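Dear colleague,

Please find below the structure I promised to pass on to you, with its sequence beside it. Once you have turned it around a few times, the notes underneath may help you find your way.

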Amino acid sequence: MRNRRARTKCLAALAVLMGLTFFLPPAQAASSSPHPPAPERIRVERLPLPPTAPSNAEGACDSEANPRGTGCMAAGWDSGLRTGGFLPDGRTVTAAVRLAGAPAAPDPASVYSGDQLILVRTDGRTFPNGDAWKCLTCGTPPANKQGMTADTSYPQPFTDGRRVLYGTNIVDCGPHPLASPACTPDRLHVYPIRWNTAADGSGPGGAIRELRLHPDQVHLGFNSVTVTGGRLDQYGYLGRLRFDPTPTTGTPLVPRYEVERVTRLFDASPASQPVHTDPRDPSELDFDPTLPGVGELRGFSKDGREVFYVGYPVESSNIDLMAVDLRTGKVRRMTADPGYTDPVDASPDDRWIVALDTRGYDRMMFTSGMTGIPALTDLLSTSAVSSIRNNGQRRFFQPYLIDRYGDRGTYRGQRLNHADTSPDWNAGADPRWSPDGTSVAYHERLVSAPACGGLNPLPCPASTEPGGRRTRLMIARLTDRNPVHPRPARTAPDTVPWGTPYVPGSAIPQRPYPPQGTYTLRGKASGSASVNILWDDAKTAVRTVSARYTHYSDDGQGFLDGTESVTRTSLTTTLTALDWSSDLIRTGRNGKALATKKTGPDGFHLTIDLWQTVFEATGTLTTTVGTRTYTQPANGT
């Protein structure tokens, strides 16, 4: 026991050195999971990229910038750089880049322009031309990429080594491995992906985003944004890919991949929502975050059994990763730190994840640091609160290595790049494991104007990357690890029992909420909350949620008292205003205060665009946990 306590203190000390923040988790979390793993050695390296273009002007990428004439990367924060994933050889990763400064045609180097898909060697070797990278799509004939879409994000290789999921396209080099000299631009094809949403099969199909390839290489996870009740909403979907060389309906009428047998990973029945009225007593509310419902799909376990997603919070304002079994609907919480997280990848053996998380920055703590609050006001606030994670062209993500059992006790995972980076460099989605589980690739961006400099109080740091580039591609090598064997992937079901089969032409459901009224929510251990839900005048959406807590507790360790209220106003489909009032205290079994969450005399008023994510607020919202006090960031930072 003495050794275990010493080990726990050592881990806590290391976490403090890493800049991590502790919070009070549910008491049962630590006792129901194995002891946290010890920290391990990690070596972080930069991976080679094309030279940086001196400017975006035509011809700027000359022989001085790149003597081989194989292109230059755009230098800016928005350089198009996205980590893809490893090819089966484990020595090559895909990446999306934006090339700039190419000469005009007919110069052969004119093809090195715009958004392109490249391969990057991770073992210090080069391709036959002497570069450590290879552009796959540069110079692909127009006849080979008919109908190609503009979305070229998240380039995920298939395990056959010959295809890549490239945004809403699939890159295919036929029988030739992508990394081989035989895979040339004239042999490569780019096929668009289409999801039919019309009853008669006509039209371009539905808009899809954030695609993730299922490990069975046949199914595809994706998200689709819709506007319901004047507000943005999003659902996750699962479908089966089928190549159609000669489509006869819909557009474009070119060889393409169809997504068929689609399931919406959501059940629109009121009783399937995390917050719903008790069917036995309509005057009472039930809060059950273990009910499956994919808000934004983020990936899959490597065995293909689970889908990873961001869904309804378990605790108020705490946006975590969740996993749900595609067949059984069983949900597990993957992360619990009050920071925000969504980009994630599982190790080949499914024993670890790497998640990009804001933990360590304390950015979200003023809203989420007080644990044990049931997610009631989140009926209104989740989208706006999640948007605080960024500030325009500044990210607050860092990559964390976390075991399968997640955050517990003082364990907050291990930051991959703790010894290698400054807080001005932050990670972008998605991290990707190597096939043998010994390394992780990811990319970083350096904070850039207008999120720094000018009127912003944060000065813009100078980049030390080649040519002043404000992006970089990284690899974290887990030097203590031996190669692992990947788990066999199970074929995903074409019908997900807890989801809803999608019928082309059918209406997208509006997310159901409890009717207007006053309800009682009873704590699982003690106490209750009186909850008032107020709809807008048109009765199209919930406008205000307020709660009064009386000795409310779900875990029997912390007890919640006080009031909280949030009112939402949708200024546009993406611009949201929240008016927030909070006066909460959480005490322990001995009656001593564990945490408080309070707004100032005039409340707290947040206005934020869900896409632009620039923080603007008046008033104050302050959360105190133990001896630490957290306040909101300054406007524009």
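A residue is called buried here when its relative accessible area is under 20%. In this structure, which is a predicted model, buried residues make up 57% of the 637 residues in the protein chain.

To begin with the chain as a whole, its secondary structure comes to four helices and 35 strands. The C-alpha atoms fill a box of roughly 75 × 60 × 50 Å along the principal axes, and the radius of gyration is 25 Å, which agrees with the value near 26 Å that a compact globule of 637 residues would have. Among the contacts with a separation of 6 or more, 60% are between residues that lie 24 or more positions apart. The chain exposes about 25200 Å², and carbon and sulfur atoms supply 53% of that area.

A place to start looking at strands is an open sheet of four, in the order β2-β3-β4-β5, whose pairing is antiparallel. Which strands stand at the edges of this sheet? They are β2 (82–86) and β5 (133–135), and because each has a single partner strand, one side of each is left without a neighbour in the sheet. Neighbouring strands here are turned by 30° against each other on average, if direction is ignored. Strand β4, which covers residues 114–121, is joined to β5 by three bridges, and the two run antiparallel; within this pair, I118 stands opposite C135 of β5.

Further along the chain, strand β21 (residues 352–357) deserves some attention, since six of its six residues are buried. Both of its faces are covered, with W352, V354 and L356 buried on one side and I353, A355 and D357 buried on the other. Strand β20 (residues 341–346) is joined to β21 by four bridges and runs antiparallel to it, and the bridge partner of T341 in β21 is D357. These two strands, β20 and β21, form a hairpin with five residues between them, and in the turn D350 has a positive phi of about 65°. Strand β21 also pairs with β22 (residues 398–403), again in the antiparallel sense, over six bridges, and in this pairing W352 stands opposite D403 of β22.

Among the helices, you could look at α4, which spans residues 378–386 and has eight of its nine residues buried, so that it is largely enclosed by the rest of the structure. The buried residues of this helix are D378, L379, L380, S381, T382, A384, V385 and S386.

Finally, there is a single residue that I would like you to find, namely S553, which lies in strand β30 (residues 542–553). Is S553 buried or exposed? Its relative accessibility is 1%, and S553 therefore counts as buried. A polar atom of the S553 side chain lies 2.8 Å from the backbone oxygen of G558. If its neighbours within four places in sequence are left aside, S553 is in contact with G523, K524, A525, S526, G558 and F559, so that G558 appears in both descriptions of this serine.

With kind regards

Note on methods:
Residues are numbered from 1 along each chain as its sequence is written. This is a predicted model: local features need pLDDT of at least 70, side-chain atom pairs count only at pLDDT 80 or more; totals for chains, interfaces and linings use all residues. Side-chain values use heavy atoms; hydrogens and water are left out. Two strands pair if DSSP finds at least two bridges between them. Axes are lines fitted to C-alpha atoms, for helices over the stretch in contact, and angles run from 0 to 180 degrees between N-to-C directions. Buried means under 20% relative accessible area, exposed over 50%, partly exposed in between (1.4 Å probe, protein chains only). A polar contact is a pair of N or O atoms within 3.5 Å; within protein, one must be able to donate a hydrogen and the other to accept it, and residues adjacent in sequence count only if both atoms are side-chain atoms. Contact means heavy atoms within 4.5 Å. The radius of gyration is taken over C-alpha atoms; the globule rule is 2.2 Å times the number of residues to the power 0.38. Accessible areas come from the Shrake-Rupley method with a 1.4 Å probe; for residues, only the protein chains shown count as cover.
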